[in-house]
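Biologist: Could you walk me through the pocket you were looking at?

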Amino acid sequence: MSTGYFFSHRHVLGIDHLSSDDIQYILDTAESFKEISARPIKKVPTLRGNTIINLFFEPSTRTRLSFEVAAKRMSADTFNISASTSSAVKGETLIDTARNIDAMHPDIIIIRHSFSGAPHMLSRHVDAAVINAGDGTHEHPSQGLLDLMTVREHKGKLHGLKIAIIGDILHSRVAHSDILGFTKMGSEVHVYGPATLLPPDLEHLGATVAPSLEEAVRDADVVMTLRIQKERQSDPLIPSFREYAQQYGVTREVADLARPDALIMHPGPINRGIELMPDVADGPRSVILEQVTNGVAVRMALLYLVMGNS
Amino acid sequence: MANDWRIRNGRIIDPVNGIDRVGDLFVRDGVLVESPRDLPDSTREVDASGCWVVPGLIDMHVHLREPGEEYKEDIVSGTRAAAAGGFTAVACMPNTRPVNDCRSVTALILERAREGFARVYPVGTISRQSGGETLADFGEMRDAGVVAVSDDGLPVWNSQLMRRALEYAGDFGLAVISHSEEPSLSRHGVMNEGKVATRLGLRGIPTAAESIMVYREIALAEYTGRPVHIAHVSAAMSVDLIRRAKERGVPVTAETTPHYFTLTEEAVEGYNTNAKMNPPLRTEEDRQSICAGLADGTLDAIATDHAPHSRLEKEVEFDLAANGIIGLETSLPLSLALVRDGVLDPVGLVQCMSVRPAAILGVPGGSLSPGEPADITVIDPELSFDYTEDMVVSKSSNSPFLDWRLQGRAVLTMVGGRVTFELRATD
Ligand SMILES: [Zn+2]
């Protein structure tokens, strides 16, 4: 690890706030922790005596479990609170909830919330360090970092790569974190999807909007497909899933336009046959399960770094 | 004690009478008089040197929250805030609980206003219960005292109803005020659609949601020949539509607010709920178009859309936070910045904040003609102050301008010769 560097963030609210040095340092730290998960006894005492609360206002088995595994491997005490966003309607505000939890003196609060900015608000009202585990359609920094880690492991670098991100960018906090992360590290991110699922001014985040699926994927080093969010179809955003699969789904043919050593990635869970065809998802270039493994290492690094800074 | 005043040595700005000169103004029994001839010895004096003396400012768009949400504001506290901001009259929107769609609610508002610190002109709803289905009883409400109709807070999505409202309001001399928003385009949106919304992951409201409805109102006004007033214009496209409509003689008037010519969508950074409003804060390009619209008279009036909300409605997730900010106490200082920036001259400012609001609503005021009630605002255009939470007069303090250093403010507000606010003691 580089010397003289100091991780200066008390909270991890988004990749937007991290510098490329921060990202480098987090990934280096994660790599050094990754080996712990391969040991017969998968536990170190690093965070013994620390209390970590998983405050999930939105169901997410995968991310919650990943944070919980990370915390336990570092000997922290973890507590899971599944709250409903509708508790606000019942009278308890997020700030009330936060203050109550903070009164129990946790060291870290990991929050998942369906509204963008909720972790930012929380961080202003608690003493604990706050880690954003996904907020609305804003950011999912730990997922973005694990994507960066996975690519760095395979490509040996994060600069000068072409990253293609395909699908529902509008609703994807992962896409937002990935665009910010990869461009900060010196790669080019090309996005493509139905115009109805591309938010305006994506260029402002650092992405290039490709004119076609083929152009986005051609010669890419990484092809990241995004989950089409079936639960978010209240607006007429796409005509049908069948149409989507035919026009925007990543097939073997499309994937073959990328570089021969291109990685196939997906934040999961996959709608097989809609955004990603099964033979590609399960093919030799897919690193989807490695993403899950690296997720634990990245989250261990984040817990360690925010604790070291409090 | 009789309401007799001599306001000395101020810069009297009275566009209706073509006056802009330093001199004295005289009030006898609460009424403006030409000369000091008849003033008794007990006449009190105000030294207005260095200040502007203007016809009382009129805010044609406020929410006083009474009846129904008095924990946010009531008619007394809201008019006290108005007086502190230099306003002698306000028009209050009907989206109270219950809504002001009938005689009894109008009467209650006017009854409570008698204890207030400014004249209150109630606005009735366009549709019964603001339900957007059938016309409210314009005649009964006019007889009870409303000066205009609007479903403000909600758009009139039904174009036929809006057409009928324009036609029918004319029979009663009521202004029709449009909250211009195409709801299928704005639905779920919480801020301006654009680069900041994309970065923050917040659902956007496109400018087209406003401008489509502005154009609908222009088309209906042009077709029926009846006037329409567009509330809180925020977008460049809307300014352009109104400008071109006025050029061909369509009877359309429009207002904007200090936040649209002062702030942009950047104010939402950090998920600042005190920058959440509807229509939302727009881009720098829109902001400049709003200034240009004020400069060339496309936008007739500066209103505040004063919308008090308690902490309960604002200290929540951005998506859940209520729309709106208070504005009565900051409107004049923020508008004076337009004068310093050369967008408006002092006469233009008085036009936007007094003369034209009175004309559009068809209410008294807007001039300093002898014989008129002495509604007067004395403004120190240079006086700097820090707008801090503890000096907020309104019951709510949801303002994005807290802790701003502002320049210029009202130092004396007088309604019918009665002093409703004074910053420093009068002699
Ligand atoms: Zn409105």
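Modeller: In this predicted model, helix 2 (61-73), helix 5 (141-155), helix 6 (173-184) and helix 11 (288-308) of chain A each supply at least two residues of the lining of the second largest pocket, helices being DSSP runs of H or I with at least four residues and strands E runs with at least two, numbered from the N terminus. A pocket is an open set of points on a 1 Å grid over the protein atoms alone, where a 1.4 Å probe fits, with protein on both sides within 12 Å along at least five of seven lines, and lining residues have an atom within 4 Å of a point.

Biologist: Which domains does the lining of the second largest pocket draw on?

Modeller: At least three lining residues come from each of domain 1 (15-140 + 293-307) and domain 2 (141-291) of chain A, with bounds from an automatic or database domain assignment.

Biologist: Where does UniProt place the feature "binding site"?

Modeller: The unreviewed UniProt entry puts it at Lys90(A), Arg173(A) and Arg227(A), although such annotations may be inferred rather than shown by experiment. Of these, Arg173(A) and Arg227(A) are included in the lining of the second largest pocket.

Biologist: And what does Arg227(A) touch?

Modeller: Leaving out residues up to four places away in sequence, Arg227(A) touches Asp168(A), His266(A), Pro269(A), Asn271(A) and Glu275(A), contact meaning heavy atoms within 4.5 Å.

Biologist: Any caveats on numbering and confidence?

Modeller: Residues are numbered from 1 along each chain as written, and chains are lettered from A in the order written. Local features need pLDDT of at least 70, side-chain atom pairs count only at pLDDT 80 or more, totals for chains, interfaces and linings use all residues, and side-chain values use heavy atoms, without hydrogens and water.
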